[in-house]
Amino acid sequence: MKTTLKYIVLFAVIFISNDLFAQNIHFIKNGVIEFEKRSNMYALIKKRINKDNETYMNQAFEQYKKNNPQFKVAKSTLNFTSDKSLYKWPTVEETMNNNWLSSDVLADLKNTIATNFNQQTSATQKSVYEDTYLVKDSVRKINWKITDETREIAGYECRRANAIIMDSVYVVAYYSNQIAVSGGPESFTGLPGMILGLALPHENVTWFATKVTEVAVPEKDLAPPTKGKPTDNKGLKAILLGAMKNWGEYAHPIYKAFSL
């Protein structure tokens with residue numbers, strides 16, 4: 001009887017402690033997240049080398065590696081509240097090496113994306129070479145598979161989730177449920193917390209939060225982009241496929257990058 005009573009008391013203490021701990025957790029619902037995008041240029045350039053261009057590309061690649069770092073780094077920010085977010089890039093661009101090999105569609109992608117979580121819609125300002133498009137559509141539906149793996153990012157414990165988008169793009173995301181907003185960088189959303197780490201391993205690019213600031217975000221800092229030729233995802237797909245119909249094997253990675 002004493003042993004049974006002891007376990008009952010122990011379970012009660014654990015239950016009460018867990019309940020008190022849960023009540024003391026602070027959930028963030030608005031603020032600004034600073035992200036660092038890192039593109040592995042060595043890997044991206046190497047993928048461009050084939051039997052038709054290897055004579056001059058190998059030489060150019062070796063020269064590039066002598067004068068340039070492996071990773072191209074860019075900064076972006078995500079303003080968010082419980083129902084909206086705006087992902088954007090700084091007005092002043094980072095200074096980049098003008099070497100022709102350093103130009104890459106995915107590495108240089110600079111989308112501005114406003115997301116409405118209540119309506120599950122987004123407005124994306126997307127530069128496609130000389131043209132700018134304003135793509136309004138539903139948010140991307142992603143079939144995430146949440147795992148038990150965790151890691152710390154920008155001071156927050158995050159849980160890993162995996163997914164496949166566009167039939168072939170493997171995505172790894174790390175989200176924190178301490179930030180109670182189902183958002184993330186670029187067009188990636190749909191997890192039970194904010195995505196603070198994102199990787200496209202086969203595309204050689206990552207986005208990781210470097211700083212999270214809890215602050216009231218005024219409505220003007222969430223205003224969606226307005227400039228660009230209006231279209232939706234289906235329309236943009238038709239535009240891209242039409243423009244690149246004669247590009248052969250070079251079209252696929254470029255299409256994937258502009259479709260993110």
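This is a short chat about reading salt bridges and a surface patch in a predicted model.

Trainee: What counts as a salt bridge here, and how many salt bridges are there?

Mentor: Look for a side-chain nitrogen of Lys or Arg within 4 Å of a carboxyl oxygen of Asp or Glu. By this rule, the model has 12 salt bridges.

Trainee: Let's take one. Which residue forms a salt bridge with E36?

Mentor: That's K75, and the closest N and O atoms of the two are 2.8 Å apart. Now check where each partner sits: E36 is in strand β1 (residues 31-40) and K75 is in strand β2 (residues 71-80), so the bridge ties together parts that are 39 residues apart in sequence. K75 itself is partly exposed, with a relative accessible area of 41%. There's also a network to find here, in which salt bridges link E36, R38 and K75.

Trainee: And where do R48 and D104 lie?

Mentor: First, the contact: R48 and D104 form a salt bridge, with their closest N and O atoms 3.7 Å apart. R48 belongs to helix α2 (residues 41-48), while D104 is in the loop between β3 (84-88) and β4 (112-116), so this pair ties together parts that are 56 residues apart in sequence.

Trainee: Is D104 buried or exposed?

Mentor: The general idea is a cut-off: under 20% relative accessible area means buried, over 50% means exposed, and in between is partly exposed. D104 has 14%, so it is buried. R48, at 22%, counts as partly exposed.

Trainee: Can I try the next one? Which residue pairs with K72 in a salt bridge?

Mentor: Go for D108; the closest N and O atoms of that pair are 2.8 Å apart. K72 lies in strand β2 and D108 in the loop between β3 and β4, so parts that are 36 residues apart in sequence are tied together. Use the cut-off again here: K72 has 10% relative accessibility and counts as buried, whereas D108 is partly exposed at 32%.

Trainee: Okay, now the surface. Which residues make the nonpolar patch?

Mentor: For a patch like this, you look for nonpolar side chains within 5 Å of each other, on residues with over 30% relative accessible area and no salt bridge. In this model, Y129, W247 and Y250 make a nonpolar surface patch of about 340 Å².

Trainee: Where is Y129?

Mentor: Find the loop between β5 (121-128) and β6 (131-138), and you'll see Y129 there. Its relative accessibility is 46%, so Y129 counts as partly exposed.

Conventions
Residues are numbered from 1 along each chain as its sequence is written. This is a predicted model: local features need pLDDT of at least 70, side-chain atom pairs count only at pLDDT 80 or more; totals for chains, interfaces and linings use all residues. Side-chain values use heavy atoms; hydrogens and water are left out. Helices (H or I, at least four residues) and strands (E, at least two) are DSSP runs, numbered from the N terminus. Buried means under 20% relative accessible area, exposed over 50%, partly exposed in between (1.4 Å probe, protein chains only). Patches are made of residues with over 30% relative accessible area and no salt bridge: like charges are joined within 9 Å, nonpolar side chains (Val, Leu, Ile, Met, Phe, Trp, Tyr) within 5 Å. Accessible areas come from the Shrake-Rupley method with a 1.4 Å probe; for residues, only the protein chains shown count as cover.
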